[in-house]
Amino acid sequence: MQTVRKRTGNEHQITTQHSKPVVKENVPQKKTQNFHLDLWMCLTLQNWILDFGRPIVMLVLPLDWFPLNKPSAGDYFHMAYNVITPFLMLKLIERSPGALPRSAVYICIITFVMGASIHLVGDSINHRLVLSGYQLHLSVRENPIIKDLKPASLIDSFELLYYYDEQLGHLMWYIPFFIILFLYFTGCFTQDKQQKKVPVLGWLLLGPSALYYWYLVTEGQITELFFVTFTAMVAIVIHQRRKGLSPDSNGLFLFYSFSLTLLLLAVWVVYLWDDPILRNKYPGVIYVPEPWSYYTLHIKENH
């Protein structure tokens with residue numbers, strides 16, 4: 001009888017021990033979402049240094065250090081960007097409080113890396129052409145160093161290079177980039193008032209972040225893509241507010257960055273609205289000149 005009681009007691013203890021974790025797992029726990037200062041700061045810094053800084057480093061450093069038939073400092077910056085940026089975006093997705101479609105994220109990251117790599121090659125050759133006298137505010141066939149090439153079929157090759165650099169590379173690079181930011185934004189909604197406050201350092205990052213997005217949109221010629229993404233973000237905000245939800249601190253930071261980018265785009269277009277040469281270079285309904293075209297036309301020529 002004592003043996004039976006001991007076994008019964010042991011079984012009861014085992015059952016109790018195994019039941020405790022189950023009870024804890026069934027208790028819903030509130031997930032707090034803090035402001036991702038480390039990721040936003042890393043993204044902003046590496047965007048400014050590795051992306052915006054690429055052509056500047058290439059123009060500033062002596063040409064003897066990086067011969068035209070070898071990779072330049074800007075190319076190494078681009079290689080680092082192609083590795084660091086997708087890593088940071090994956091870390092950003094990991095911290096999303098909402099469940100996001102993994103397959104869509106993976107496809108976007110793969111396409112992003114492929115498009116940025118295509119752009120690396122095209123942009124590397126394009127900046128070497130600039131050092132040789134190529135003028136970015138003119139089309140390929142209108143450039144003095146291109147239009148006199150013999151045989152004439154070489155001009156077609158340079159137009160193909162321009163297509164890979166400025167069109168296909170940009171689309172495969174920027175479309176998944178904005179899709180990932182939008183997917184992340186869809187999960188940044190909450191009812192907690194404490195999670196809706198952007199910290200002081202977040203407000204300080206807002207200006208540099210928006211200014212970089214302005215550069216991305218203008219130099220990448222992806223104004224339509226930016227408009228579509230921002231409009232979708234506004235639609236999500238309206239839809240979620242009907243449910244009593246609003247963006248948390250990370251969502252607000254991204255939304256405010258895009259809003260300020262839109263304002264900077266409007267100022268840029270108004271400033272160059274009556275420029276006849278840039279108007280000829282960028283025809284169409286949406287007129288948004290590239291900053292580097294403005295540089296070769298109005299700054300480089302005057303120095």
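Helices (H or I, at least four residues) and strands (E, at least two) are DSSP runs, numbered from the N terminus, and this tour uses those numbers to say where to click next. The model is predicted, so local features need pLDDT of at least 70 and side-chain atom pairs count only at pLDDT 80 or more, while totals for chains, interfaces and linings use all residues. Residues are numbered from 1 along each chain as its sequence is written, and side-chain values use heavy atoms, with hydrogens and water left out.

**Start with the whole chain**

Show the cartoon and follow it from the N terminus: the secondary structure comes to 11 helices and 2 strands, in the order α-α-α-α-α-α-β-α-α-β-α-α-α. Of the 303 residues, 44% count as buried, where buried means under 20% relative accessible area, exposed means over 50%, and partly exposed lies in between (1.4 Å probe, protein chains only). A contact means heavy atoms within 4.5 Å; among contacts between residues at least 6 apart in sequence, 78% join residues at least 24 apart.

Now colour by pLDDT, which is the predictor's confidence in each residue, from 0 to 100. The mean for the protein is 85, and 88% of the residues reach 70 or more. Select residues 1–9, where the pLDDT is below 50 and the model has 0 contacts beyond near neighbours in sequence. Then select residues 11–30, where pLDDT also stays under 50 and there is 1 contact beyond four places in sequence. Where pLDDT is low, the predicted coordinates should not be read in detail.

**Into the core**

Next, select Trp40, Phe178, Leu254 and Phe258, the residues with the most contacts inside the largest nonpolar core, which has 65 residues. A nonpolar core is a set of buried Ala, Val, Leu, Ile, Met, Phe, Trp, Tyr and Cys residues joined through side-chain atoms within 4.5 Å. Among the elements that give two or more residues to this core are α2 (37–60), α6 (153–186) and α9 (249–271), and α6 gives the most, with 10 residues.

Stay on Phe178 and show its surroundings: apart from residues up to four places away in sequence, Phe178 touches Leu216, Val217, Ile222, Leu225, Phe226, Thr229 and Phe258. From there, move to Phe226, which is found in helix α8 and is buried, with a relative accessible area of 0%. Leaving aside neighbours within four places in sequence, Phe226 is in contact with Phe178, Val217, Phe258, Thr261, Leu262 and Leu265. If you draw a C-alpha to C-alpha distance from Phe226 to Leu216, the viewer should give 9.6 Å for two residues that are 10 apart in sequence.

**Along α4 and two unusual backbone spots**

Select α4 and join its end C-alpha atoms. The expected span of a helix is 1.5 Å times one less than its number of residues, so the 30 residues of α4 should span 44 Å, and the ends are 43 Å apart, which agrees. Just after α4, Gly133 takes a positive phi of about 115°.

Go on to Lys150 and Pro151, which are joined by a cis peptide bond with omega of about -5°; Pro151 sits in the loop between α5 (144–147) and α6. Then select Gln221, in the loop between α7 and α8, which has a positive phi of about 55° although it is not a glycine. Gln221 is partly exposed, with a relative accessible area of 32%.

**Empty spaces**

On a 1 Å grid over the protein atoms alone, a cavity is a set of points where a 1.4 Å probe fits but cannot get out, and a pocket is an open set with protein on both sides within 12 Å along at least five of seven lines; lining residues have an atom within 4 Å of a point. Grid points are joined across faces, edges and corners, and a volume is the space filled by probe spheres set on the points.

The largest pocket has a volume of about 410 Å³. Of its 17 lining residues, the closest to the centre are Gly220, Gln221, Ile222, Glu224 and Tyr282.

The whole structure holds 7 cavities of 30 Å³ or more, and the largest has about 250 Å³ of space. Select Asp123, Glu166, Glu219, Glu290 and Trp292, which lie nearest its centre among 23 lining residues; α6 gives the most to this lining, with 5 residues.

**Last stop: α11**

Finish with the buried residues of α11, which are Pro291, Trp292, Ser293, Tyr294, Thr296 and Leu297, and which pack against α2, α7, α9 and α10 (276–281).
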